[in-house]
Structure formats: C-alpha cells, structure tokens
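I opened this notebook to record what I looked up, beginning with empty space and going on to the chain as a whole and its charged pairs.

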Amino acid sequence: MKFMGDQYSDIDRLIGLYLSQRASVHEKEALERWLQASPANREVFEQIKSVWLSAADTPLSSEAKQVRERIWKAGTESVQNTKPTVHRVLDLVYLGKVAAIFILFLLGAGLFSYWVQENPALILPPPVALIEVNNPSGQRSFHTLADGTEVWLNAESSLKYPEKFSDTLRFIQLDGEAFFAVAKDRQRPFIVEAAGIQTQALGTAFNIHSYPEDDTVQIALLEGKVRIQSNEQAQTAILSPGEVLLAARDHTDFHRKPFNYENTFGWKEGILIFDGADFNSFRTAIERWYGVEVTVTGNPPADWHLRARYQQEDLRHVLRDVSFNKHLRFSLEDDQVLLTF
C-alpha cells in the first residue's frame, strides 16, 4: 500500500510496529511525519488503532462483521491447513504475528472505507501545507509559528515546517542559522533538525548555527533545557543555560563549553562581530551579512586576525574601518566589493 510516494510505501509495517510497541525511534518519527501530512492519514490510523485496542467481542455493524470475518478467514486458512514441524514452530509464531498486524491494518482500512461510503457528503480537508522560508544573503527575517513560537532567521538560511502542527509533535527543519523562542507546550515536543542533529525542547530559547561550510553545528541554549542527539543516535547531550554544544559534522563528537552572549546571539539584534576571524571568515561574513560579492586581488596576509564589533553599520563604513586597520584598498559598486592587497 502506498501513501504520498515511495517514502511511505511501508506505512502498514510502520503502523503494525508502532501498535505492537516494537517501532524504533526513527520508525516512530517516520509514522509521525505521515500522520502530519494529512487528516485523512490520521483518521485511517485512529480507525486501525481502535480495532487493535478493542476486544474480540466488540459490537460492530453487520457489514463490518462480514468484513472482519472474511479477512480473518482468508488470513488464517493457510496457517490452519499446515502442520508445522518442530523446527518451524518459532518461525510460524513470528509469521502469525506479522500476519495479524497486516490483517488488522486491512480491517481498519475496510472499516474506514465503509464509514466513508455511509457518509457520501463527507469532504476531507486538504493535507496540511508545508511552509518553506528562504533568506538570501543580506536578509534576516522574523516569523511567528502557528503555536506561538518566535523565530529569527539569519541570512543565507531556510526553514521548513507545517502550516499547522500535529497534536503530538512540532517538527522544524533548518539550514543555516536561527534563534528560537519556543512556546511552552509539554504535550508536543518541539524538535529542530539541522545537518542530521536533532534539538528537542518543551519551552525554551536557543540558537542553532549550521551553515554547510562550517566544520561544526553549534547549538547555544539561552534559557530552559534542550536534549540534542544525532539522527543515528550515536551522540546525545542535554544542555543547560549558558552552554553551547559543538557537534562535529560527522557526528563523531559532541563538545560543550560556555558561550559569549553577543558573539552567539548578537546577530539577531543587528550586531556583526569578528572575534579573531581569519580572512576567509571575514569575507564570508561580509557577503552573507550585506548580500554582496567580494572579489580579492593580491594575497591577504596569512596572519590576518580581525577583532571588531559593528552594530547596524553601513557596509561602506565597515570596509573603510577594516581597510585602515588592515592596510588594504577597497571599492564598492552596487553589490560588488573589490579588496586589493
């Protein structure tokens, strides 16, 4: 059975594993994404779940009984007509459990189909829309999500999230950098995934810095508490306020240390800080912050280290200041910057 493309082609297996309490964390997350995709998906799941939890003698309509009896008969005939050897008993017990899970899924789907047929005027609402926000270089933005969570999105960054969160989970995907002031909701964990690292919070404020060119993903906690783990669960950490986690891109190492407030959160207040930045870091920051392209002639000194702080400063002023301190020439025309050494 296929739902929403190949990534959900084994949804019957996921539901069976979940209801039998054998689903892994990743399988539970995959099922949750399928449930979020459409109210119709959740309705099917609830029908199957109610059948799973109900007793065998639960009253059903005559039509539903016929569906149940026909499916169970078809699913059990082959097992009843086979005389297993001693060596195959365990295999048949396992197969019987798998068959029972699949049969219950079919039964739930049959009951749902019967319910829809009995309610021809029913019009299912459309699937929940997925919102994608992309900031180019030179642009920062502020967003309020459906649950009241506030998000400051940095330049060259993007967010993906559902227009309306599900009843059990708030899931966000981030590329780049963003600050989150999460609305408190203990019934629905708030999870941000960035570069294969998941940060989970119930109600807190934290910053995630995850640009592709960086060696590490940086997660800084301002208040509250967050739990962080890699997608493959190889590394796990819980942060306290005032700590920043440095996670290697290959997820082999998690390292915590205290953070400097302005260095970490200043960007959302328009503060551009260079704390011993080398030339390549300086160049990337200028391009990202102001939305320009920097061209270099000559060779920047190998010992370039820039320490400076600019708040809501015009690019020309920044370049004038840096050129004076680092003995270089610059020209600025539209979105093109030329630095000459």
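**Entry 1, the enclosed space.** I began with the largest cavity of this predicted model, and I noted that about 30 Å³ of space lies in it. I then looked up how many cavities of 30 Å³ or more are counted, and the answer is 1. Its lining is made by Glu29, Arg33, Leu169, Phe171, Ile191 and Gln198, which I sorted by class into 3 nonpolar, 1 polar and 2 charged residues.

**Entry 2, the open space.** I turned next to the largest pocket, for which I wrote down a volume of about 1000 Å³. It is lined by 35 residues, and among these the closest to its centre are Glu177, His209, Gln218, Asn263 and Ile273. Which element gives the largest share of the lining of this pocket? I found that strand β14 does so, with 7 residues. I also listed the elements that supply at least two lining residues each, and they include the strands β8 (205–210), β9 (216–223), β12 (243–248) and β13 (254–258), together with the helices α6 (261–265) and α7 (279–290). By class, I recorded 14 nonpolar, 12 polar and 9 charged residues in the lining of the largest pocket.

**Entry 3, the chain as a whole.** I stepped back to the protein chain, in which I noted 8 helices and 18 strands. Of its 341 residues, 41% count as buried, and its accessible surface comes to about 18900 Å², with 51% of that belonging to carbon and sulfur atoms. For the contacts with a separation of 6 or more, I found that residues 24 or more positions apart account for 50%.

**Entry 4, charged pairs.** I looked up the salt bridges last, and the structure holds 7 of them. As a reminder to myself, side chains of opposite charge can pair when their charged atoms come close.

I took Asp147 and Arg170 as one case, since their closest N and O atoms are 2.5 Å apart. This pair links distant parts of the chain, with Asp147 in the loop between β2 (141–144) and β3 (150–153) and Arg170 in strand β5 (residues 170–181), 23 residues apart. Are these two residues buried or exposed? I found both Asp147 and Arg170 to be buried.

I then checked Arg288 and Glu156, whose side chains meet in a salt bridge at 3.3 Å, N to O. Here too the pair links distant parts of the chain, because Arg288 sits in helix α7 whereas Glu156 sits in the loop between β3 and β4 (157–162), 132 residues away. With a relative accessible area of 11%, Arg288 falls under the 20% limit and therefore counts as buried, whereas Glu156, at 38%, lies between 20% and 50% and so counts as partly exposed.

Within helix α7 I noted a further pair, Glu287 and Arg283, with their closest N and O atoms 4.0 Å apart. These two residues are 4 positions apart, about one turn of the helix, and Arg283 is partly exposed, with a relative accessible area of 28%. I closed this entry with the one network I wrote down, in which salt bridges that share partners join Glu156, Glu213 and Arg288.

Methods: Residues are numbered from 1 along each chain as its sequence is written. This is a predicted model: local features need pLDDT of at least 70, side-chain atom pairs count only at pLDDT 80 or more; totals for chains, interfaces and linings use all residues. Side-chain values use heavy atoms; hydrogens and water are left out. On a 1 Å grid over the protein atoms alone, a cavity is a set of points where a 1.4 Å probe fits but cannot get out, and a pocket is an open set with protein on both sides within 12 Å along at least five of seven lines; lining residues have an atom within 4 Å of a point. Grid points are joined across faces, edges and corners, and a volume is the space filled by probe spheres set on the points. Ala, Val, Leu, Ile, Met, Phe, Trp, Tyr, Cys and Pro count as nonpolar, Asp, Glu, Lys and Arg as charged, and the others, Gly among them, as polar. Buried means under 20% relative accessible area, exposed over 50%, partly exposed in between (1.4 Å probe, protein chains only). Contact means heavy atoms within 4.5 Å. Accessible areas come from the Shrake-Rupley method with a 1.4 Å probe; for residues, only the protein chains shown count as cover.
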